[in-house]
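Trainee: Got a minute to go through this one with me? I'd like to start with the ligand.
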Amino acid sequence: MKPSTSGKHWRSLRGKLAKWYASAKRDLPWRRTTDPYAITVSEIMLQQTQVVTVIPYYERWLMLFPTWEALACAKEHDVIKAWEGLGYYRRARNLQALAKAVALEGGKMTRSAEGLRALPGIGPYTAAAVGSIAFGLPLAVLDGNVMRVLTRVLALRDDISRPQTRAKLQEIANGFLDKRDPSTHNQAVMELGATVCLPRKPLCPICPLREGCRGRDHAEDFPVKSRVAQVKRAEIVAILKKGKSFYCEQVPEGKPWHGLWRFPDFDPARMERGEAVARIKYGITKYLVTMQAVSAKWKSRAPSTGRYLTAEEMQALAFAAPHRKLAKTLAKSSPSS
Ligand code: SF4
């Protein structure tokens, strides 16, 4: 029987989903709290990052910055250092900007949808997630997991990279939402996407929605997403050594990785090039970058914009991920330095 998208159909799916979630949900640390601060931290960390990666960061973060006020008062360096390795550092800065705004209101987060959306660093997804989970507001979340589940259930072939499709899916998610318990419903759809309706090889035979799912026989066809071509890029960084220390710079404001530390780009006007010492590949936005590290010497004095750092000092500072990897490679290849 071809499933309909009537109210009755959604009601039936909602009920099956809620029942499944009650018995199948994972025991995750942010599911054991009702603190809006902790829930917000988890939601922001979980954007673009896997649950297993987030758990230790989340737990350490709450020890370092247990309240909005503690985060608001923290030094930016400590905030970035605590985020190191999670990537997308703008999230850490936005979280601190949000903490400052909430701390100014006496440490109480607004409980209205409009108020949440007006806070710094809160986009539509975070407003819906925090609003529903922390305050029970009837706001439907729409993230990658939810889009995958909905496009498959409806066998919807619209391209999800188009804003119009996202708007359409938001409407669909709003219609699917269980307004009596939006917190459980939102978490259940995301949980289904994360553990059953997987991007590859979804577990349709054990899925609670299989009876009403139009896409279950060709699930991997959904969602349809036009690919952004990856652009290859090459860069050369300089390894400038003095004794046991390496010259590094803190990235200035307005540039990617701002506030983080890194090895400098090789600059033939100021440096003499030596031999290649390492090669590291990494992806950033649409770029696939091959970073070659070469030993180098200053032609004149080292500029005062950077600092020579020992391995211990590098460990204590927040480094951009590929440069952290490079620092580790260098430490391994010359353990005495
Ligand atoms: Fe996803 Fe399969 Fe469940 Fe449909 S039946 S929602 S494709 S896991």
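Mentor: Sure. This is a predicted model, and the space that the ligand takes up is the largest cavity.

Trainee: Which residues surround the ligand?

Mentor: The residues around the ligand are Arg152, Val153, Cys197, Cys204, Cys207, Arg210, Cys213, Arg216 and Ala219.

Trainee: And how many of that shell are nonpolar, polar or charged?

Mentor: Six of the shell residues are nonpolar and three are charged, with no polar ones.

Trainee: OK, switching to helices. At what angle do α2 and α6 cross?

Mentor: Roughly 160 degrees, and their axes come within 10 Å. For finding them, α2 covers residues 36-46 and α6 covers residues 90-104.

Trainee: So are they roughly parallel or antiparallel?

Mentor: Roughly antiparallel, because the angle is over 145 degrees.

Trainee: Left-handed or right-handed crossing?

Mentor: The crossing of α2 and α6 is right-handed.

Trainee: Now the backbone. Is the peptide bond from Phe222 to Pro223 cis or trans?

Mentor: That bond is cis, with omega near -5 degrees.

Trainee: Where is Pro223?

Mentor: Pro223 is in the loop that runs between α11 (182-195) and β1 (231-239).

Trainee: Last thing: what about phi at Trp257, positive or negative?

Mentor: Positive, at about 75 degrees, although Trp257 is not a glycine.

Trainee: And where should I look for Trp257?

Mentor: Look in the loop between β3 (245-250) and β4 (261-262).

Notes
Residues are numbered from 1 along each chain as its sequence is written. This is a predicted model: local features need pLDDT of at least 70, side-chain atom pairs count only at pLDDT 80 or more; totals for chains, interfaces and linings use all residues. Side-chain values use heavy atoms; hydrogens and water are left out. A residue is near a molecule or strand if one of its heavy atoms lies within 4 Å of it. On a 1 Å grid over the protein atoms alone, a cavity is a set of points where a 1.4 Å probe fits but cannot get out, and a pocket is an open set with protein on both sides within 12 Å along at least five of seven lines; lining residues have an atom within 4 Å of a point. A molecule sits in a cavity or pocket if more than half of its atoms lie within 2 Å of its grid points. Ala, Val, Leu, Ile, Met, Phe, Trp, Tyr, Cys and Pro count as nonpolar, Asp, Glu, Lys and Arg as charged, and the others, Gly among them, as polar. Axes are lines fitted to C-alpha atoms, for helices over the stretch in contact, and angles run from 0 to 180 degrees between N-to-C directions. Helices (H or I, at least four residues) and strands (E, at least two) are DSSP runs, numbered from the N terminus. Angles under 35 degrees count as roughly parallel, over 145 as roughly antiparallel, 65 to 115 as roughly perpendicular and the rest as oblique. A crossing is left-handed if the near helix is turned anticlockwise from the far one by less than a right angle, and right-handed if clockwise.
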